[in-house]
Structures are given as C-alpha cells and as structure tokens.
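Hi there,

Here is the structure I promised to pass on to you. Please have it open while you read, and my notes on what turned up follow below.

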Amino acid sequence: MIQRIPTTRSNATQRREPRTFPVEGFALVAVAFALRAAYTWLAMGPGATASSDAASYDSVAWNLARGVGFMLDGGTGPYPTAFVPPVLPYAVSLLYRAVGHQFFAALLLQCAFGALVPLLVRALGDSLFGSHVGRTAGWLAAVHPLLVFFSGYLLTESLFCLALLLALVVSAEWVKTPRRARALGAGLLWGLAALTRPTALPLPVLVMLWSWWPLGLIVGGRERVRQLGLLALGVALVVGPWTARNALEFHAFIPVTSGGGRSLLDANNPIVWDDPRLQGGATSVYGLEPYASRFRGRSEHEIDVLSARMARDFLAERSGQVPMMALKKLARFWRLTAEGGATGSWSRGDTPLARLLAVVDPLLVWSLVTLPLAIGGVVMSLRGPRRLYQSLPLWVIVAFSLGAMVFWGALRMRVPVEPLIMVYAAAGVEGLRRQWRLRRSPLRVVPR
C-alpha cells in the first residue's frame, strides 16, 4: 500500500491551524450574529412586544429583575410559578436589570446566544470527526435558516442549543480521555441543560449507555462505575436545588417544570386529532371547553396532573389510532417545509421579509441540500472504525424524535437537533471531498 508523506506546506498548515481558530471563531460568531440580528430587526422590529410563550418568559424575567421573584403575572398580581424552566428567565433578568424592560434588547440577547451556537458546533465536529468537519459544520450552523429564525424570539431554543452542545462537547472529551473531574463537569453541564429545557433530563442516561463500552476499555469496570456515578452526581447537584425549591413552594415533586402534563394534553386531545390540519401538532386547550371548566380554580401543579391524566385517558380511548398518531407527529417533526398547517408565520405579515418568504421557503431549499449530506455522513460514520464514538449525536437525534412521537411534531421541537444534523452533513461533505481527491489522485492501491 502506498503511503503519502505530508509535504512541508501541509505540515506548516497543520501547525498554523490552532492559531487561526480564534480569528475564524470571531468571524463565525460575527457572521452568525449579523444574520440573526438582521432577521430579528426585519421580522420583529425594534418595537416588538412579547406574546404567547415569549410573554411568560418575559414576565418572569422582569419580575426577577425588579426583585419580585420567580413569578408570572396573573389577574390578581404576580404568583409563584414552575411553568417555565429557570435558566432563560434568569439570564434575561440580568439584562433587564441593566437596560430596563426593553423587550427588543432581550431579542438581541437571543441573537447573541444563537451566534455562539456555531462555535460549539465546530468544537463538537472537531472532537468527533476532525478539524475539516468541524469548520464546515460551524459555518453550516451559522447560516442555517431554522437556527437564524428561532434566534429572533424569546424562547428557550437558542440557549438550550448552547447548553446541549456544551454538554455534548464535554461528554465527548470525557470519554476520549476519562477523568473523574471531567465526568463531574459533564454531569453539571447536563444539569444546566435540563434547567434550560426539561427535555434534556433523560439525556444523561443516554450518555451513560453510550459511554459504557468505551469507558470499560480505558479505565476498567470499577472506575467506570465511579465516573458514571460522578456524572449522575453532577446532574443532581444542579437540578436538585431547583427541585427542592419547587417542593417547598408547591408541596409537590416537580423536577424542573410543571408544564409536562399540559404539553401532553395539548397534543393528545380530540380537538387536534379530529382536525386534519392539526394532526401531529398541538394547540393550547387551557382556555377551550370542556378543559377550561375543569381547570378553573385549580393550582398550576393540579392542572398539570389533571392534564396528564386526561391525555392518557384520550390515548387509552383511541388506542387503535395511537400508532398513526405517532407517525403523524414524526412526519410533522421531520417535515422539510417551514409551514406545517396552522403553524403561524415566520414573520409579521406587514414586513418585506414576509413577502419574500411567501415566494421562497428557505427551510425547504436548505433541507433538500443538507439532509442527503447528513444521511451520508451518518452512514459513513456508522461504517467507520470510530462508529461508537461518532454516534453520540445520533443518540440525541433519536431521543428527540421519540419525544416528538409522544408529545407533538414541530420545528420548535426539532431545533436542538439541527446543529447535530449539521455535524453529520459536514461529515458527508468531507466524505465526498475525500472521494473526489481519491479519484483525482494518480496513485492507486495495487493488491498483492
């Protein structure tokens, strides 16, 4: 077999690469922020006001900033809540303390969070596949239309992507070079991700399953159990105090939020399933009959428990239709278009951007290009010698897909896995690049 020896130029390039990373990293963040801020300005405008879920985050953040506490605004004044996860409201409250109750400033903070996502995508790609894949993945994430879009709203998506990617990067480095401190650090970051969005709470278990075999090869059985225990301890140290706060405030076991039951009912009810436009999606039933009457006078936690029971009753009544429901949710989760029927618009209808989006669906164009590359990257990685190590993002993608089949399919639910899909898309690009170079190379492997 012919082995190529790198030239002096390539060696110099490899030596310079770490030095150019900060410059490229700043450029990556700058481009990403510029795109997100421009979209936010065009789609929302400096006079934007909070609505729907964003209003809840804004309300809690402002109450924190003015010293009222972690509370939502109600008809009779602020009241304690566990309906939203705590990390985003606390982060926004720090901004509100500095600039006052300026909602557009909170949107720009979201853009800043979103602009850091490509940097961590690059880091994850570097760790799993190498610098070429990491660089390509970072730039794909920087211009990804869905990631740009959700950076313009006061929702958990951008900050959760940051927390999720940071936990994945540290987990990958921990398994590569196992250390007890790294295991604890990974657990702390997974706890932070769970407090950013509770859908991350089961993910540390997946990381433990993924890491079981490689850890055993490196550190042995007893040390493997110790390090996995430290990871679990890290999660508990971060999530535990918030769970204790909820227990003292509401006299109930609420690990992170009290919205899980309501979310389940929003997707699993006859209003959604009997409307072809809504099948696979969700609608808030809080103010709709007969649900509103049954919720009236109940506490936040009581509503959540009742909602979960009503959703289970509905699924039991229509047990024969549950497989089709799951497929509808999965199809909606993985749809290629921005609009999925009764899902709203990407921007206000009175903006120039709205007219452009009515002609061109950016997500459809993007999906047709990147998803085949990502599928190729997944296939290539699963066939390679590092398939177990490089499968980490795939575990998370599958977990979110399964979650969508239980709750509902929506682009908002898919946002956290899009950076991971870009890592595999970049791996697909690198695979094509290598094949092209191999075909152009005059050297051939001659069998003996």
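**Salt bridges and where they sit**

Asp53 has a relative accessible area of 33%, so this residue counts as partly exposed. Please keep in mind that this is a predicted model, so every value in this email is computed from predicted coordinates.

What does the side chain of Asp53 meet in a salt bridge? The partner is Arg412, with 2.7 Å from N to O. The two residues come from distant parts of the chain, 359 residues apart: Asp53 belongs to helix α2, and Arg412 to helix α20 (residues 411-414). Arg412 is also partly exposed, at a relative accessible area of 23%.

A second pair is Arg318 and Asp274, whose side chains form a salt bridge at 2.9 Å, N to O. Arg318 is in the loop between α14 (300-317) and α15 (322-333), while Asp274 is in the loop between α12 (270-273) and α13 (291-295), so this salt bridge ties together parts that are 44 residues apart in sequence. Both ends fall in the partly exposed class: Arg318 has a relative accessible area of 22%, and Asp274 is at 48%.

There is also a salt bridge between the side chains of Arg277 and Asp275, at 3.4 Å from N to O. Arg277 counts as exposed, because its relative accessibility of 53% is over the 50% cut-off.

Then there is a network: salt bridges link Glu24, Arg122, Asp126 and Arg135. Over the whole structure, the search finds 15 salt bridges.

**How α2 and α3 cross**

Helix α2, residues 52-65, is worth another look for its packing against helix α3, residues 87-99. Their axes come within 8 Å and cross at roughly 55 degrees. Are they parallel or oblique to each other? That angle lies between the 35 degree limit for roughly parallel and the 65 degrees where roughly perpendicular begins, so α2 and α3 are oblique. The crossing of α2 past α3 is right-handed.

**Backbone features to look at**

Ser52 lies in helix α2, and its phi is near 55 degrees, a positive value in a residue that is not glycine. With a relative accessibility of 64%, Ser52 counts as exposed.

His251 also has a positive phi near 55 degrees without being a glycine. You will find His251 in the loop between α10 (221-250) and α11 (260-267), and it counts as exposed at 72% relative accessibility.

Which two residues does a cis peptide bond join? They are Glu289 and Pro290, with omega at about 5 degrees. Pro290 sits in the loop between α12 and α13, the loop that also holds Asp274 of the salt bridge with Arg318.

**A nonpolar patch on the surface**

Lastly, Val31, Leu35, Trp139 and Val143 make a nonpolar surface patch of about 290 Å². The elements that give two or more residues to this patch are α1 (8-43) and α5 (131-143). Leu35 is in helix α1 and counts as partly exposed, at 36% relative accessibility.

Have fun exploring it, and do write back with any questions.

Best wishes

Conventions:
Residues numbered from 1 in each chain as written. Predicted model: local features only at pLDDT ≥ 70, side-chain atom pairs only at ≥ 80, totals over all residues. Heavy atoms only, no water. Patch = residues over 30% accessible without salt bridge, like charges linked within 9 Å, V, L, I, M, F, W, Y side chains within 5 Å. Areas by Shrake-Rupley, 256 points an atom, 1.4 Å probe, with all protein chains shown as cover. Salt bridge = Lys/Arg side-chain N within 4 Å of Asp/Glu carboxyl O. Helix = DSSP H or I, 4+ residues; strand = E, 2+ residues; numbered from the N terminus. Buried < 20%, exposed > 50% of the residue type's maximum accessible area, 1.4 Å probe, protein only. Axes fitted to C-alpha atoms, helices over the stretch in contact; angles between N-to-C directions. Parallel < 35°, antiparallel > 145°, perpendicular 65-115°, else oblique. Left-handed = near helix turned anticlockwise from the far one by under 90°.
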